[in-house]
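I'm opening a notebook page on a structure that is new to me. I'll jot down what I look up as I go.

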Amino acid sequence: MIISGKELSVKLKDEMKAQVATFPDKYGRVPHLVVILVGEDPGSVSYVTGKAKASEYVGIRNTTIRKPDTISEAELLSLIGELNADDSVDGILVQLPLPKHISEDNVIAAIAKEKDVDGFHPLNVAALWQKQDCVLPCTPKGIIKMLKVAGVEIKGKRAVVIGRSNIVGLPVSKLLLDENATVTIAHSRTVDLPSVTRNAEILVVAIGRPKFVTADMVAEGAVVIDVGVNRDPETGKLCGDVDFAAIEPKASVITPVPGGVGPMTITCLMENTIECFLRKHSIM
Ligand code: NAP
């Protein structure tokens, strides 16, 4: 079974669109997401465009603020401060990565926790690990939604996550743990990775290396979630961290790249923006 994140995203966005259409009557306006793009990196431009398109579809107001990569950290922090204070703004997202002279940690920490639609603010991260109310990071949130929609029982399963980044590996491990999976986190120093991954009933791969996970690393019937977004060195096309063609016949459930986790990440961003808007109106 191939889980189409694309199809699920369309369904969820349609539901959000209907919900947002009721907001002007109920609250006098729609949610407002501000995305800050520093520089002109083509990958970042494409992600920001995707976020603007999704916002438009759902009916969320989107403002994209473009700044040159010569902007200083102080100027960027000052802009974030203004947006924090602006009552008409519900969500703030600064597209990463940032130029080297700007500290991503300082920028993330500067965004008001209640407007942190990415769920990267240290207070949101702490709340996640303490099982408190928080904004869930979009990619891990999207992965859990996909597993649930596919009817995958997470409770009691052996889950292996390859990757321990703050953005994907660690938070997805925590969410799987919260769903009562037994979670192993693997990384670049893991010894004999295939023996670890072959033990997985649910395998989440977030490394960033094209077709790194081969069929011999996956157990028959495993659920395989491919988070990676890479260029296939042979064809130049988008591909995941998993050798999809070789593993798809073995897996019980698998996500494709493109069209898997990626669309769900943007969809969860829309959901987080609505959540921040509703929290502000104290009606969640
Ligand atoms: P990252 O910060 O570079 O982390 C990569 C992780 O992979 C690290 O924990 C690293 O281990 C581990 N790793 C690297 N080589 C390995 C190896 N040979 N064996 C085992 N583990 C290895 O990357 P990220 O931000 O988590 O992103 C991972 C991938 O997901 C990228 O392709 C990114 O583009 C993609 N992504 C997709 C979405 C989406 O919406 N679809 C969202 C975010 C990211 P160490 O910790 O030991 O270095």
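Before anything else, I need a rule for cover: under 20% relative accessible area is buried, over 50% is exposed, and what falls in between is partly exposed. With that in hand, I checked Glu201, whose 27% relative accessibility makes it partly exposed because the value falls between those limits. I also note that this is a predicted model.

**Entry: domains**

I looked up how the chain is divided. There is a domain 1, covering 28-113, and a domain 2, covering 138-262. I then checked the spacing, and the C-alpha centres of domain 1 and domain 2 are 29 Å apart.

**Entry: the ligand**

Which residues are closest to the ligand? I found Arg164, Ser165, Ser188, Val229 and Thr265, out of 21 residues that surround it. Among the helices and strands, I see helix 11 (residues 261-280) giving the most to this shell, with three residues.

Next I went through polar contacts. Ser165 has a polar side-chain atom 2.5 Å from an oxygen atom of the ligand. For Arg164, I noted 2.7 Å between an N or O atom of the side chain and an oxygen atom of the ligand. Arg209 pairs with a nitrogen atom of the ligand, at 3.1 Å from an N or O atom in the Arg209 side chain. As for cover, the ligand on its own has 920 Å² of accessible area, and the protein covers 71% of that.

**Entry: a nonpolar patch**

Val229 turned up again when I moved to the surface. Together with Tyr47 and Leu238, Val229 makes a nonpolar surface patch of about 270 Å². I placed Tyr47 in helix 3 (residues 42-58). Tyr47 is partly exposed, because its relative accessible area is 43%.

**Entry: a buried valine**

Is Val224 buried or exposed? It is buried, with a relative accessible area of 0%. I found Val224 in strand 7 (residues 223-226). Its C-alpha is 6.6 Å from that of Ala251, though the two residues are 27 apart in sequence.

**Entry: salt bridges**

How many salt bridges does a search of the whole structure find? I got twelve. I followed up on some of the pairs.

Asp133 and Arg279 meet through their side chains at 3.5 Å, N to O. This pair links distant parts of the chain, with Asp133 in the loop between helix 6 (122-129) and helix 7 (138-149) and Arg279 in helix 11, 146 residues apart. Asp133 is exposed at 58% relative accessibility, whereas Arg279 is partly exposed at 29%. Both also appear in a network of salt bridges that links Asp133, Lys141, Lys145, Glu271, Glu275 and Arg279.

Glu179 and Lys148 form another salt bridge, at 2.9 Å, N to O. Glu179 is in the loop between helix 8 (169-178) and strand 5 (182-186) and Lys148 is in helix 7, so this pair ties together parts that are 31 residues apart in sequence. I have Glu179 down as partly exposed at 26% relative accessible area, and Lys148 as partly exposed at 47%.

Then I came back to Glu201 from the top of the page. Its side chain meets that of Arg158 in a salt bridge of 3.7 Å, N to O. I placed Arg158 in strand 4 (residues 158-162) and Glu201 in the loop between helix 9 (193-197) and strand 6 (202-205), which puts the partners 43 residues apart. Arg158 is partly exposed, with a relative accessible area of 39%.

**Entry: backbone oddments**

Where are the cis peptide bonds I noted? One runs from Leu96 to Pro97, with omega near 0 degrees, and Pro97 is in the loop between strand 3 (91-94) and helix 5 (104-110). Another runs from Val257 to Pro258, also with omega near 0 degrees. I found Pro258 in the loop between strand 10 (253-254) and helix 11.

I also looked for positive phi in residues other than glycine. Asp192 has a phi near 55 degrees and lies in the loop between strand 5 and helix 9. Its relative accessible area is 45%, so I wrote it down as partly exposed. Lys211 has a positive phi of about 50 degrees and is in the loop between strand 6 and strand 7. Lys211 is partly exposed too, at 38% relative accessibility.

Conventions. Residues numbered from 1 in each chain as written. Predicted model: local features only at pLDDT ≥ 70, side-chain atom pairs only at ≥ 80, totals over all residues. Heavy atoms only, no water. Patch = residues over 30% accessible without salt bridge, like charges linked within 9 Å, V, L, I, M, F, W, Y side chains within 5 Å. Areas by Shrake-Rupley, 256 points an atom, 1.4 Å probe, with all protein chains shown as cover. Salt bridge = Lys/Arg side-chain N within 4 Å of Asp/Glu carboxyl O. Helix = DSSP H or I, 4+ residues; strand = E, 2+ residues; numbered from the N terminus. Buried < 20%, exposed > 50% of the residue type's maximum accessible area, 1.4 Å probe, protein only. Domains from an automatic or database assignment. Near = heavy atom within 4 Å. Polar contact = N/O pair within 3.5 Å; in protein donor to acceptor, adjacent residues only side chain to side chain.
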